[in-house]
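Have a look at the model below and turn it around a little before reading on. We'll walk through it together, piece by piece.

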Amino acid sequence: MTTDVTSRKRQRAEEGSDDDAGDDPDEAPPLCDVCGAKPRRYCCPRCAAATCSLACCTRHKRDTGCDGRRDVAAYAPMRDLGLRDLRKDGAFLDAAGRARATAARHFASRAP
């Protein structure tokens, strides 16, 4: 599963961002992975499935069992890491630190 997600994300990066779609009038924009009818607008953080609407996102989650949450422990080669990934990892570590501090306060208040 992880290699499939990584390869899908790499393929999307090679295709270019959605911001570049439509620059060439002869080139059709990439379509939704779920319905295949409308241009994709959203990308699932978990599996990189491209969807066009909330309805397609919901259908994707229902059909595949994807929860839509980024897998924070997913392997990513060093060459694929960028500033966005660094920020996400920093946010993850901050959240873990806050959770630890909250748990410590909770248990300290319950101590006899």
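What follows is a tour of this structure, starting with the overall layout and then moving to particular residues.

Keep in mind from the start that this is a predicted model. The protein has three helices and two strands. Read from the N terminus, the elements come in the order α-β-β-α-α. Of its 112 residues, 15% count as buried. About 8700 Å² of the protein is exposed, and carbon and sulfur atoms supply 54% of that area. As for how the chain meets itself, take the contacts between residues at least 6 apart in sequence: 34% of them join residues at least 24 apart.

Now to the charged side chains. The structure holds three salt bridges, and a good place to begin is helix H2, which runs over 54-64. Here Arg 59 pairs with Asp 63, with 3.6 Å between the closest N and O atoms. These two residues sit four apart in helix H2, which means that about one helical turn separates them. Arg 59 is partly exposed, because its relative accessibility is 37%. Asp 63 also meets the side chain of Arg 62 in a salt bridge, at 3.5 Å from N to O. Arg 62 has a relative accessible area of 59%, so this residue counts as exposed.

Further along the chain, Arg 70 forms a salt bridge with Asp 89, and their closest N and O atoms are 3.9 Å apart. Arg 70 belongs to the loop between H2 and H3 while Asp 89 is part of helix H3, so this pair ties together parts that lie 19 residues apart in sequence. Both ends are partly exposed: Arg 70 has a relative accessibility of 27%, and Asp 89 has a relative accessible area of 35%. Back at the other two bridges, shared partners join Arg 59, Arg 62 and Asp 63 into one network.

The loop between helix H2 and helix H3 (83-110) also holds Val 72. With 41% relative accessibility, Val 72 counts as partly exposed. Together with Phe 92 and Leu 93, Val 72 makes up a nonpolar patch on the surface, and the three have about 290 Å² of accessible area between them.

Next come the cysteines. How many disulfides does the count come to? It comes to zero, and the cut-off makes the reason plain: two cysteine sulfur atoms have to be within 2.5 Å to count as a disulfide. For Cys 32, the closest cysteine sulfur belongs to Cys 35 and is 3.8 Å away, which is too far for a bond. Cys 32 is buried, with a relative accessible area of 4%. Cys 47 is in no disulfide either, as the nearest cysteine sulfur, in Cys 44, is 3.7 Å away. Cys 47 is buried too, at 8% relative accessibility.

One last stop is Ala 37, in the loop that links helix H1 (2-15) to strand E1 (42-43). Is Ala 37 buried or exposed? Its relative accessible area is 59%, so Ala 37 is exposed. Ala 37 and Cys 52 are 15 residues apart along the chain, and 8.8 Å separates their C-alpha atoms.

Definitions and conventions:
Residues numbered from 1 in each chain as written. Predicted model: local features only at pLDDT ≥ 70, side-chain atom pairs only at ≥ 80, totals over all residues. Heavy atoms only, no water. Patch = residues over 30% accessible without salt bridge, like charges linked within 9 Å, V, L, I, M, F, W, Y side chains within 5 Å. Areas by Shrake-Rupley, 256 points an atom, 1.4 Å probe, with all protein chains shown as cover. Salt bridge = Lys/Arg side-chain N within 4 Å of Asp/Glu carboxyl O. Buried < 20%, exposed > 50% of the residue type's maximum accessible area, 1.4 Å probe, protein only. Contact = heavy atoms within 4.5 Å.
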